[in-house]
Amino acid sequence: MQEYDFKNIEARWQKYWEENKTFTVEEDPSREKYYLLEMFPYPSGKIHMGHVRNYSIGDALARFKKMKGFNVLHPIGWDAFGMPAENAAIQNKTHPAEWTFSNIRSMREQFKKLGFSYDWDREIATCHPGYYRWNQWCFLKFFEKGLVYQKNATVNWCEPCNTVLANEQVVDGKCWRCDSPVEQKQQPGWFFKITDYADRLLEGCRELAGAWPEQVLAMQTNWIGKSRGAEVDFAVEGRDETIRVFTTRPDTLFGATFMVLAPEHPLTRALSRNTSQESAVDAFIESVRNQDKISRTSETGEKLGVFTGAHAINPMTGKPVPVWTANFVLMDYGTGAIMSVPAHDQRDLDFARKYQLSVKVVIQPPNRELDADAMTEAYKDDGAMIGSGQFDGLVGDEGRKKVCAWLEAQGIGKATVNYRLRDWGVSRQRYWGTPVPIIFCDACGTVPVPYDQLPVELPLDAQLGAKGQSPLKTMSAFVDVDCPKCGKPARRETDTLDTFVCSSWYFHRYTSPRCEDAPFNKESARYWSPVDQYIGGVEHAILHLLYSRFFHKAFHDLGMIDAPEPFTHLLTQGMVIKDGAKMSKSKGNVVDPDRIVDRYGADTARLFILFAAPPVKDLEWNDSGVEGCFRFLKRTWRIVHELMATARGAAESLDADADLPKAFRELRRQTQIVIKRVTEDVETRLQFNTAIAACMEFVNHLYDFKEAQGELGLGNADAAQRAAVKEALDSLVLLLSVFAPHIAEELWAALGREGTAGQQAWPRFHEELIRTEEILIVVQVNGKVRQKIEVDAEIGEDDLKARVQDDPKIREWLEGKTIKKVVVVPKKLVNIVAV
């Protein structure tokens, strides 16, 4: 028997797959498709075992679905634009393009060494003009549709990265990329009107329930943040201005005892002019300028504010209330102004107590009376309106509706819907990205680049600034251009697009990656879309996944695709943990897959990463676990070779009722059990760890089976017995092929089977063979175990009682006693009560 030479085995089969284009796929309307996709990688240089987990999960499922008869699309590509390439280029004194494509070559080689079943003919890189041309096409189409606009806005600015960040890219007040503090800055930029799709995105969350993780849907729902309420105008005392507020609780308007403006609100500074509060307000606005929005609005952050020196008139009471400005109110949520009802909002109550502002109860709970002076906890639930004039006694929705109707009748407010979701700021002041396809002309204004001039190519002869400053503004060959409308001198936009634009539609490009006249071919997309199973980290729940859903719905409205959602099912895999922290380069705790592959082989690396934990749970890296998986593959190799001679030349199939000795019948039963367990674990539960455990248990049974044959061995096995052994070995190899494909292919060939293991149909199990012929019955006398006996699984209750009472050992325990009762627990236990 040859040794398990994994290096030669894996190199041979990887070469075979590449030369034979085993995983190349085309549309085939006669077959049911299955589109399996893992979130494509950023080409950072080297993958680590955290990456291997994501792609091993996807590869196992892709191979399984292929063997189940599906026409499987399993593509790969590179999310290749972005800041890390620029930062690395500055550090290494190279060009981002050179660094990126070098990394792509390295990572492509690593992926191929792991034996993943990708259709490499569909490979894409988003930094290639053939791809980002279509980013620009999408921008122009969205512009035509009214989904793109430019405005001055307060933006999140990361100084080290020298760029604007979307709200979703600010995590705990810091840049999601470099972890540096984010400051607020006024700057013009381009925006996608994702807010136009807020309701459809919410409705999609409800439709995806059960197919996507509940956590992800909750995160998206909360981020969109739909709330119903009223807009109300408060007149400023002694001035012509009004302050419009949005409130979800119009039934508490009578309890509004002060107002709060965002520091960025245009009235904040204006109201303080010529008052004693002018300098205090100016200082406060300056102090808040560099606070990020997340920390300002967090429940744990300190709530700070100052009085503006002005008052507004509560439209319900006619009484003046002080107008404050505070850090917890944001200009881009609602109207940038709130009415504060401290008796019924905890944040407002805390603020009122801190700054000694009045509290008024206007909602009374059903079972107690609130004391405005003593309360430390706001009452936030529904109750009867009090101190509210004509609305006293109304409760909940009834009160809110009638207040809204009154406001509208008075012309000072109306019922409305508000969203937390803001439009997506896509402008970036970086070089390594998709150029925005816009030209500025003094005569014509803002002019879209004509479609026939796409792509607007990123000049590759650029030199980055020391801090990553974009060189595009200084490159006259890029900036200076004739206006497409009037022909006069004009200038290009020098901003580039957020790299999340690249990843918001790449899954459609895979359906026809070489399409030259559109982002993707409609017929190809109609066949392949949507993605049936998408796999990636939960950290992308809001950013990438929400943006992708927006793009998909916009494409749907453009008549480009039919499916309402881009991803039917979503799996968010857990992290790989080492030394108590997530495996990452920044923490210095990565495990290089090349080291594992060189020492143990790709199959061992894949097997361990799938076996060590369920896909959705975090996985603790364990070197001994890798050793254990390697030993299992060697044991599998050995037992298959030891039983191979018996199986060779055996019949292709075996009748369910074939006459076999007990050991061979049990071998068949265990074969059917392992097929059923692996099938259900992979297909229904995506529990690869338990599926692999079932294979390990089956290999143990094969060793027990061989040992039980004794010295005579299997040399005298008849045709049916040899067929049972063949059935067991074939099934084991085919089941293993989705987890450890290289060794499975080598064993399949060694068994003399036709074709490759991956080309075979997935094994089917037979329920009738799983049922055991004999079962073990525990026998008790007066509640104490006295015997265990094997009986026919289908034995009747009367026959079982007789069989138990005839057992010699039980007769001894019953001698001299009278049986009062016999209790039978079917297929488990018999208890004899005797005195």
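These notebook entries record what I looked up in a predicted model of one protein.

**Entry 1: overall make-up.** I began with the whole protein, which has 26 helices and 34 strands. I noted that its C-alpha trace spans about 105 × 80 × 50 Å along the principal axes. Of the 835 residues, 55% are buried. I then looked up the exposed surface, about 36,500 Å², and found that carbon and sulfur atoms supply 48% of it. For contacts with a separation of 6 or more, I recorded that 73% join residues 24 or more positions apart.

**Entry 2: helices α3 and α4.** I turned next to α3, residues 83-92, and α4, residues 96-113. The two helices pack with their axes 8 Å apart and at an angle of about 110 degrees. The range of 65 to 115 degrees counts as roughly perpendicular, and α3 and α4 are therefore roughly perpendicular to each other. I listed the residues that meet: P84, A85, E86, A88, A89 and N92 from α3, and P96, W99 and T100 from α4. By class, this contact has 6 nonpolar, 2 polar and 1 charged residues.

**Entry 3: residue T257.** I located T257 in the loop between β11 (242-247) and β12 (258-261). Is T257 buried or exposed? Its relative accessibility is 11%, so I entered T257 as buried; the cut-off for buried is under 20%. The side chain of T257 reaches the backbone oxygen of S358 at 2.7 Å. Leaving aside residues up to four places away in sequence, I found that T257 touches V321, P322, S340, P342, S358, V359 and K360. S358 thus appears both in this list and as the partner of the T257 side chain.

How values were computed: Residues are numbered from 1 along each chain as its sequence is written. This is a predicted model: local features need pLDDT of at least 70, side-chain atom pairs count only at pLDDT 80 or more; totals for chains, interfaces and linings use all residues. Side-chain values use heavy atoms; hydrogens and water are left out. Axes are lines fitted to C-alpha atoms, for helices over the stretch in contact, and angles run from 0 to 180 degrees between N-to-C directions. Helices (H or I, at least four residues) and strands (E, at least two) are DSSP runs, numbered from the N terminus. Angles under 35 degrees count as roughly parallel, over 145 as roughly antiparallel, 65 to 115 as roughly perpendicular and the rest as oblique. Contact means heavy atoms within 4.5 Å. Ala, Val, Leu, Ile, Met, Phe, Trp, Tyr, Cys and Pro count as nonpolar, Asp, Glu, Lys and Arg as charged, and the others, Gly among them, as polar. Buried means under 20% relative accessible area, exposed over 50%, partly exposed in between (1.4 Å probe, protein chains only). Accessible areas come from the Shrake-Rupley method with a 1.4 Å probe; for residues, only the protein chains shown count as cover. A polar contact is a pair of N or O atoms within 3.5 Å; within protein, one must be able to donate a hydrogen and the other to accept it, and residues adjacent in sequence count only if both atoms are side-chain atoms.
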